[in-house]
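Q: Could you take a close look at one part of this model for me, the packing in the middle of it? I'd like to know which residues hold the inside together and what the surroundings look like.

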Amino acid sequence: MWSKLGIALALVSAQTAFAAGISGDVLRAAYERIDPAVCLVEFSLEITNAATGQQSKQNRNALGLVVTEDGLVMTHGHMAVENSTPFNIKVTLGKGDDEQRYDAELLPKPDDVNIAFLQIKDDKPLKLPYVRFSSGDSLQLGDSVGMFGLGPDTLDHATMIQERLIGAVLDKPRRTYALDDAVRFAFVGGPVVDSRGRAVGVVGFDLSTAEGGEVYTRSGNPLVYQASLFQKYIDKPPVEKEDDGAGDAWLGVFTQPLTPDFARYWNLDRDGGLIVSTVVPGSPAEAAGLQSGDIIITFDGTPIRAKLDRDVMGFTKLVRDTGAGKPVEVRVLRDGQPITVTVDLGLRPPSEQDAAEYEDTQLGITIRELTTDLRIRLNLSEDVQGVIVRRIESGSVAQVGKMIPGAIIMALNDTPIASIEDYKNAVAKLTEQRPSEITVFARVGPATGFFRLQPRWPAP
Amino acid sequence: MIPRIAVGAALCAGVLLVSNGCATIGGSEKAVLRAKDTVFPALVHIRPVKEIYTSGKRQEVLAIGSGFIISPDGYVVTNEHVAGESKFVQCVLSDKEEVEAEVVGVDTFTDVAVLKLEVDHRLPFVEFGNSDDVEAGNTVIAMGSPHGLARSVSLGIVSVTDRYLEDIGPMTSPFNSWIQTDAAINPGNSGGPLIDLHGRVIGVNARVLRGAENVGFAIPSNIVKDVVDDIIKHGRVQRSWIGADLQEMLARTDDPARHGVIVAGLDPISPAAKAGIRPGDVITAVNGKPLHARFEEDLPAVRRAIAALPIGQEATFTLLRGEEEQQVTLVTEERGALRGDEVAFDEWGFTASELTPELVREAQLPSRMGVFVSGQQVGGIAANANLGGGDIILRVDDTPIQNLAQFKEVYDGLVASKKELVLLFVKRGALTRYVMIKQTPGAPAPAEGAEAVNEGEPAHVE
């Protein structure tokens, strides 16, 4: 019985593929239109090792796609990931004698799709061939799609076509088209055409937030990013957010969805909600008296009905977009009884990668402010004040003194250090006094201890 | 890193031909033979069956190590990492007689264990030498079962007499200094004797430097002797504890005139913290007896001096805070175990251990209440609820958890009652969260032999 079913299934899928295949004429016509807009993006990347703070440089290249006449180029989000800075970006369009090479600049990366945008810089107004997209929302399960990517450099990076099926269509957390098979890396970011040859999207890869990707999945499976996800950025390219003081808001709680099991356990006649699992010390939530165990049921008038882990992300976005500095009513269940708490949403504190850094060439260390997310990751209580050592220069005073990256400097010669400002002031004073030894009080993991540094002061 | 050198169950198949540049010590072959002959009859090959907790369940694992007989009635000395956590220990004597042994007691802090052979006849035994008399350059002989090869003898010299190995993680041996030797020591030599040319035991082989050539370490016999005496008399070693981390004076000054030992940090829940001792204080004496550690090599002796204070009694520390001398009196506590007791909770498919002071400090808990989840079985009820290794259970339903014994009572009651939903409140790192255990009737048994990889669901930050 099983074998019969297996055969039947195989036949069905073979027929589907055959029926849905895209004709050569259609692909050739699409190629004629798209190939001139496909470009090679070359760039250098300065990568910072998150653990050690060591920096290295690499040359990379990627596929780019010109999407406006005046030189807006779309590429995949790998160019704009945490702990790495791209520079020296060059975009090459055309082949052979028609080859044109331009400088380009990376625009701020959209945070809702794993795509990056570049703007070509040129002295005179540009009139480049570009690709126009159809909406892409018409794709269906089992449809064949054509993908355009770059060949290897031995084939002069020629534009190439591959064909794939739409292997799955998901409706949540947003409409997602998954491809049926792996694609080569040089196809990621490349345009995707439907069976009529219309450009309907690009090949995408979801990444976790830590890798600079989208927030909710890390599928490792190639997707089609339908044009409706990114058309808004083509119409209005992303710009650096102005710091108007009304940045992202934060509440300062970690939450879990109220699954039916939790609701049943607490005898709550409720469909979804968010259980406060941790209240961050020093946060607006703590100031407003929210407690772990509270169940959030409305936020600023919006009902909260989270039941799945991924629903939590919607709440994060809701809080973020509410705007800082605004008093917000949060309705929670505490011991089963509804109460209303007013929270003054604060400004989301800077995250680790945005933390201020300071390089002290005298002692040979680079330090960073302790940010809220770092305090949580390292489980540092509020009474731990200091700055964290990010890098130690080879052969420096600090290295000779056995200091290590990750140590949290809490005092220099009995002067408490709680900020980069404190550190700079302390070192400035020491530079005047020129002591032969400096004692550093630091924390490494849960332990504390002393490092004795022997500075090499420059000749006066 | 310096791994311990017990061997797992599988004997290393590859035998390397190594020409051990054997020193011909001028006409001393006779001396080597004589020393070897003195100790050889007392050499023991040890095969304990260890009961370890891994992947959320209790498992039995065969280990291989070495040891030596120290009395005619059959007391045997070996390493804790060889014979610890085992109930059944098979020993093979030098004449190849197989004898079962009972574990008399172990000391994790120094890595020493004492066994008692179950025999009714007198046994050949060896004597301890005085490890304080050992000098770098002395000829020494290591004996034992490298890679399980019993009755192996290797020759070398003492390289360093007072090596300090940082006391971190599972390697913690804060009270040991080490005799470093170039006599070949390999995994399986653990617990075997390092002897001098008089045929006296001056050390117990216990560590090798991985990736190095002939850099092995033995616990000095004078430390071993005290521990063995305590174990034979009391079944264990009792040490007092004040909860202060110590650092050598050199960490702050290279002035040889400054005496004492630096307080580097404090356990927040400890007698020292309660008495107001602070990081940066210099302890110069306890109960009028001077303490001094100029170099890190001096730290183990200072730690032993504090551990030797009477437990639960007042001790007066003389401190220098800045230039000001102070007297601080505190009541010592007994030092807790390095490894907490562990229990397998098979119905839910996880293992948990008692919170040690180290775990409490690492997790920044306000008290020592709770139990530590040490592992979970794939497919088990706990794993399905995303309860994972590293979580600390603080509350079960409305019951605050105090310790492992009380948790086991609560757990047994819940399993017997078949209550469908059980709510745990747990902590991992800085974050707390709720875990819903579903004791579904007829839940599938956890997958056999599967390795737990799930480390629990990451929490979401709003």
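A: Here's a walk through the main core first, then a few other spots in the fold. Keep in mind that this is a predicted model.

Let's start with the largest nonpolar core, which has 48 residues. Phe133(A) and Phe230(A) are the members that touch the most others in it. Strand 1 of chain A, residues 38–48, gives this core its largest share, six residues. Domain 1 (2–32 + 131–235) and domain 2 (35–121) of chain A both contribute residues, so the core lies between them. As a general matter, nonpolar side chains in soluble globular proteins tend to be buried together.

Zoom in on Phe230(A). Skipping neighbours within four places in sequence, Phe230(A) contacts Met74(A), Ile115(A), Phe117(A), Phe133(A), Gly201(A), Val202(A) and Tyr225(A). So the two residues named above, Phe133(A) and Phe230(A), are themselves in contact. Apart from this core there's another one, of 46 residues, with Tyr75(B), Ala83(B), Ala101(B) and Ala206(B) among them.

His76(A) is worth a look too. His76(A) sits in strand 3 of chain A, residues 72–76. With a relative accessible area of 5%, His76(A) is buried. Beyond its neighbours within four places in sequence, His76(A) is in contact with Ala62(A), Asn114(A), Ile115(A), Ala116(A), Phe185(A), Val188(A) and Gly189(A). Ile115(A) turns up again here, having also been a contact of Phe230(A).

Further along chain A, Leu290(A) is a buried residue that belongs to a loop, the one between helix 5 (284–287) and strand 16 (295–299). Its relative accessibility is 5%, so Leu290(A) counts as buried. Leaving out neighbours within four places in sequence, the contacts of Leu290(A) are Leu251(A), Val253(A), Val279(A), Ala285(A), Val332(A), Arg334(A) and Val341(A). Take Val279(A) from that list: it's eleven residues away from Leu290(A) in sequence, and the C-alpha atoms are 7.2 Å apart.

Next up is helix 6 of chain A, residues 311–322. At 1.5 Å a residue, its twelve residues should span 16 Å, and the end C-alpha atoms are 17 Å apart, which agrees. Val312(A), Phe315(A), Thr316(A), Val319(A) and Thr322(A) are its buried residues. Looking down the axis, these fall within an arc of 130 degrees, so they line one face of the helix. That fits the usual geometry: an α-helix has 3.6 residues a turn, so residues three or four places apart point the same way. On the face turned away from the buried side you'll find the exposed residues Lys317(A) and Asp321(A). Right after the helix comes Gly323(A), with a positive phi near 95 degrees.

Another glycine with a positive phi is in a hairpin. Strand 21 (residues 357–360) and strand 22 (residues 365–369) of chain A run antiparallel and are joined by four bridges. Tyr358(A) stands opposite Ile367(A) of strand 22 in chain A. Four residues lie between the strands of this hairpin, and Gly364(A) takes a positive phi near 80 degrees.

Finally, the overall picture for each chain. Chain A has nine helices and 27 strands, and 46% of its 460 residues count as buried. Chain B has eight helices and 29 strands, with buried residues making up 51% of its 462. Among contacts with a separation of 6 or more, residues 24 or more positions apart account for 59% in chain A and 64% in chain B.

Technical notes:
Residues are numbered from 1 along each chain as its sequence is written. Chains are lettered from A and ligands numbered from 1 in the order in which they are written. This is a predicted model: local features need pLDDT of at least 70, side-chain atom pairs count only at pLDDT 80 or more; totals for chains, interfaces and linings use all residues. Side-chain values use heavy atoms; hydrogens and water are left out. A nonpolar core is a set of buried Ala, Val, Leu, Ile, Met, Phe, Trp, Tyr and Cys residues joined through side-chain atoms within 4.5 Å. Buried means under 20% relative accessible area, exposed over 50%, partly exposed in between (1.4 Å probe, protein chains only). Helices (H or I, at least four residues) and strands (E, at least two) are DSSP runs, numbered from the N terminus. Domain bounds come from an automatic or database domain assignment. Contact means heavy atoms within 4.5 Å. Two strands pair if DSSP finds at least two bridges between them. The expected span of a helix is 1.5 Å times one less than its number of residues. The arc is that of the directions from the helix axis to the C-beta atoms.
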